[in-house]
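Student: Please take a close look at one helix of this model and at the loops that flank it. I should like the answer to continue into the core and the overall fold.

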Amino acid sequence: MDLDRPVTRRRSAVGLLFRLGVRLLTALALVALPFVTLVRGATYLYVERAWPTAAAIAAAAVGAAVVLSVYGAILVRRLTGRARWRFVLQWVAAPTVLVYCGLGLVHLSAANAKTEAVRTEYRTIHPLLRLGLSTWLVVDRDLVATDFDRVPQDYAAMGLDVLTSSRHFVQDDGFAHAMDLRTNGRSGLRNALTQWYFEMMGFDTLRHVGTADHLHVSLGR
């Protein structure tokens, strides 16, 4: 009786699962890279390098377009034998990133806002918060924003002391630098992944209770 065969089969199965896992993680990383380049790149330039908002977003958008161009050029080369990198950049990658940023900066679905009043406040928060939120909504379609900008009277209405340093207030640049996201009714894993995402993208997060349990996300600097 050959006792080595079951061991060999188990090793082969483990090896196959490992290779499949590596390929899956690689695919996920490649899909995520343009989004990470855009959002994390913009927040890094704004928070760490003190770039103006528009310049930070523009530079990060160029980076994301370059990443997409590389992907597109590789695909085109496999299909036609020619990379045509500049063509892909000019006519595919750049327009795609431009439209993506434009939509993310101006539009929030009613399904992702607690109320219509909250939805109308979307453009009052900093563009980088909008870009970060709209990008996560690609993955988490059920996430709901519960609060964006505030005025001192809002704290009194909620029965809370006024926080004069609150980033929910409109800052010197004309935007509020914080938003609250719903955590109730969502699994602990989804809430943890949401918080992890925003932290990895360069935002400050705090899970706390004011009027209800929620995730507070803010932009530093």
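**A helix and its surroundings**

Tutor: R84 is partly exposed, with a relative accessibility of 43%; buried means under 20% relative accessible area, exposed over 50%, and partly exposed lies in between (1.4 Å probe, protein chains only). The model is a predicted one, in which local features need pLDDT of at least 70 and side-chain atom pairs count only at pLDDT 80 or more, whereas totals for chains, interfaces and linings use all residues. Residues are numbered from 1 along each chain as its sequence is written, and side-chain values use heavy atoms, with hydrogens and water left out.

R84 lies in the loop between α2 and α3, where helices (H or I, at least four residues) and strands (E, at least two) are DSSP runs numbered from the N terminus. Its phi is positive, near 55°, although R84 is a residue other than glycine. G81, just after α2, also has a positive phi, of about 90°. On the other side of the helix, the loop between α1 and α2 holds A50, a non-glycine residue with a positive phi of about 60°.

The helix between these loops can be checked for length. The 28 residues of α2 should span 40 Å at 1.5 Å a residue, and its end C-alpha atoms are 40 Å apart, which agrees; the expected span is 1.5 Å times one less than the number of residues. Buried residues of α2 include T53, A56, I57, A60, A61, A64 and A65, and further along V67, S69, G72 and A73. An α-helix has 3.6 residues a turn, so residues three or four places apart point the same way.

Helix α3 contains V97, which counts as buried because its relative accessibility is 8%. Apart from residues up to four places away in sequence, V97 touches A61, A64, A65 and L68, contact being heavy atoms within 4.5 Å. The residues A61, A64 and A65 are also among the buried residues of α2. V97 and P34 are 63 residues apart along the chain, and their C-alpha atoms are separated by 9.2 Å.

The largest nonpolar core has 38 residues, of which L133, F148, M179, L181, F198, F203 and V217 touch the most other members; such a core is a set of buried Ala, Val, Leu, Ile, Met, Phe, Trp, Tyr and Cys residues joined through side-chain atoms within 4.5 Å. Elements that each supply at least two residues of this core include α2 (53-80), α3 (85-106), α5 (127-139) and β2 (178-182). Beyond its neighbours within four places in sequence, L133 is in contact with L108, Y122, L143, F148, M179, L181 and F198. In soluble globular proteins, nonpolar side chains tend to be buried together.

As for the whole, the protein chain has seven helices and four strands, in the order α-α-α-α-α-β-α-β-α-β-β from the N terminus on. Of its 221 residues, 35% are buried. Among contacts with a separation of 6 or more, 62% join residues 24 or more positions apart.

The chain averages a pLDDT of 89, and 88% of the residues score at least 70; pLDDT is the predictor's confidence in each residue, from 0 to 100. Confidence is highest in α5, at 98, and lowest in helix α6 (residues 152-157), at a mean of 65. Where pLDDT is low, the predicted coordinates should not be read in detail.
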